[in-house]
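Welcome, and please get your viewer ready for a short guided tour. We will go from stop to stop, and at each one you will hear what to select and what is there.

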Amino acid sequence: MAEKIIFDTDPGIDDTIALFLALASGKFDVLGLTTIFGNVHTDLATTNALRLLEIAGRTDIPVAHGADKPLVRPYHGPVPHIHGADGQGDVNLPPPSTKAIDQSAAQFIVEQVMSQPGEITLVPVGPLTNIALALHIQPKIAEKVKRVVLMGGAALVPGNVNPAAEANIFNDPEAAHVVFSAPWDVTMVGLDITHQVLLTDEQLKAFAASDKATSQHVGKIIPLYLDFAHKMMGRQVMYMHDPTAISYLLKPELFETRQYPVRVETQGMSSGKTWVWSRTGDFPPDHFGYNVDHPATIVVGADVEAVNAMTLSYV
Ligand code: RIB
Ligand code: CA
């Protein structure tokens, strides 16, 4: 049976590949997209979510507009040098012909989860603000969701915004703290694994060569990301951050995981760091005096060749 998911996203080039992978696989019942700031402002994230569903011919999937800013701090702002000023590789898509539903992302999540207990997997691939807000509105969603599989964090490896933090957690550490502290089943698909899962410019050519509208769109938007990668790392490669969360859901047997409690740093120069510590009882309480002791599942390894082969099989 198709797994019911709510995809919380800041599209974003890798968000786009992740969404199209999820839809192309046919293995998910995508109940809705909820939008969040991150790669772009939330207004543009909503516009892009609507545009992408139109390209995919899936305007039946509702889009709910999410939070415009982090829980307690200002938004750091978009990253046009990575994803384009439009979040879509500067390809200037036409405006969408559909609209977001008249319900906030957090309300949508609460309503869906409470009405289908035990059935829905939340898949956040941006800052975790909407998920934290949903928990605030209805804490019982923690026991009613099936699980949370998120892209974010860096447990045993450096960050990508700075040595400490990965972008999604950096953009709202307080929200991430709420999400990792809640008593639910969380899997963290962070930089530990997404810096291993990458596609080369040669492999990425499959997108432009495909006859699918979705893949052709991806083929148009990736050159901007490849330019960024070339400037940063001297290599034209694409880190498959958000698609790896979908790949994990599709074939968990291709991945290696460990169990650790996660503590999110919310202060100072390490703000956004996702600390893990195996000696549960020795994990010091955080700044809120809160002691997280239930483990999250941290994805740390994969059969990368097999993961990439699966991704490319849906292009
Ligand atoms: O650090 C990677 C994450 O931040 C991904 O979700 C990507 O879309 C970027 O914004
Ligand atoms: Ca994202």
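A pocket, in this tour, is an open set of grid points with protein on both sides within 12 Å along at least five of seven lines. A molecule sits in a pocket if more than half of its atoms lie within 2 Å of the pocket's grid points. Keep in mind as you look around that this is a predicted model.

**Stop 1: the ligand and its pocket**

Select ligand 1. Where does ligand 1 sit? Ligand 1 is in the largest pocket. That pocket has a volume of about 640 Å³. Its lining is made of 29 residues, and those closest to its centre are Ile82, Asn160, Val161, Ala167 and Phe228. Try colouring those five first.

Now bring in the helices. At least two lining residues come from each of H1, helix H3 (80-83), H7, H11 and H12. Which helix supplies the largest share of the lining of this pocket? The answer is H11, with 4 residues. If you colour the lining of the largest pocket by class, you will find 13 nonpolar, 11 polar and 5 charged residues.

**Stop 2: the shell around the ligand**

Next, show the residues around ligand 1: Asp10, Asp14, Asp15, Asn39, Val125, Met151, Asn160, Glu166, Ala167, Asn168, His241 and Asp242. Sorted by class, this shell holds 3 nonpolar, 4 polar and 5 charged residues.

Zoom in on three side chains in turn. On aspartate 14, a polar side-chain atom lies 2.6 Å from an oxygen atom of ligand 1. On aspartate 15, an N or O atom of the side chain is 2.9 Å from a ligand 1 oxygen. On asparagine 168, the distance between a polar side-chain atom and an oxygen of ligand 1 is 3.0 Å. How much of ligand 1 does the protein cover? Of the 280 Å² of accessible area that ligand 1 has on its own, 94% is covered by the protein. Helix H1 (13-25), helix H7 (167-170) and helix H12 (241-250) are the elements that each give two or more residues to this shell.

**Stop 3: the cavities**

Rolling a probe the size of a water molecule over the atoms shows where empty space is left. In this structure there are 2 cavities of 30 Å³ or more.

For the largest cavity, select Ile17, Phe20, Leu21, Ala24, Phe207, Lys212, Thr214, Ser215, Val218, Thr311, Tyr314 and Val315, which line it. Two elements, H1 and helix H11 (213-233), give two or more residues to this lining. H1 gives the most, with 4 residues. The volume of the largest cavity is about 90 Å³. Its lining has 8 nonpolar, 3 polar and 1 charged residues.

For the second largest cavity, select Phe180, Ala182, Trp184, Val186, Val262, His294, Pro295 and Ala296. About 40 Å³ of space lies inside the second largest cavity. How do its lining residues divide by class? They are 7 nonpolar, 1 polar and no charged.

**Stop 4: two backbone details**

Go to proline 11 and glycine 12, and display the backbone. The peptide bond that joins proline 11 and glycine 12 is cis, with omega at about -10°. You will find glycine 12 in the loop between strand S1 (3-9) and H1.

Finish at aspartate 90, in the loop between H3 and helix H4 (105-115). What is phi of aspartate 90 near? It is near 60°, a positive value in a residue other than glycine.

Technical notes:
Residues numbered from 1 in each chain as written. Chains lettered and ligands numbered in written order. Predicted model: local features only at pLDDT ≥ 70, side-chain atom pairs only at ≥ 80, totals over all residues. Heavy atoms only, no water. Near = heavy atom within 4 Å. Polar contact = N/O pair within 3.5 Å; in protein donor to acceptor, adjacent residues only side chain to side chain. Areas by Shrake-Rupley, 256 points an atom, 1.4 Å probe, with all protein chains shown as cover. 1 Å grid on protein atoms, 1.4 Å probe; cavity = no way out; pocket = protein on both sides within 12 Å on 5 of 7 lines; lining within 4 Å. Nonpolar A, V, L, I, M, F, W, Y, C, P; charged D, E, K, R; others polar. Points joined across faces, edges and corners; volume = space filled by probe spheres on them.
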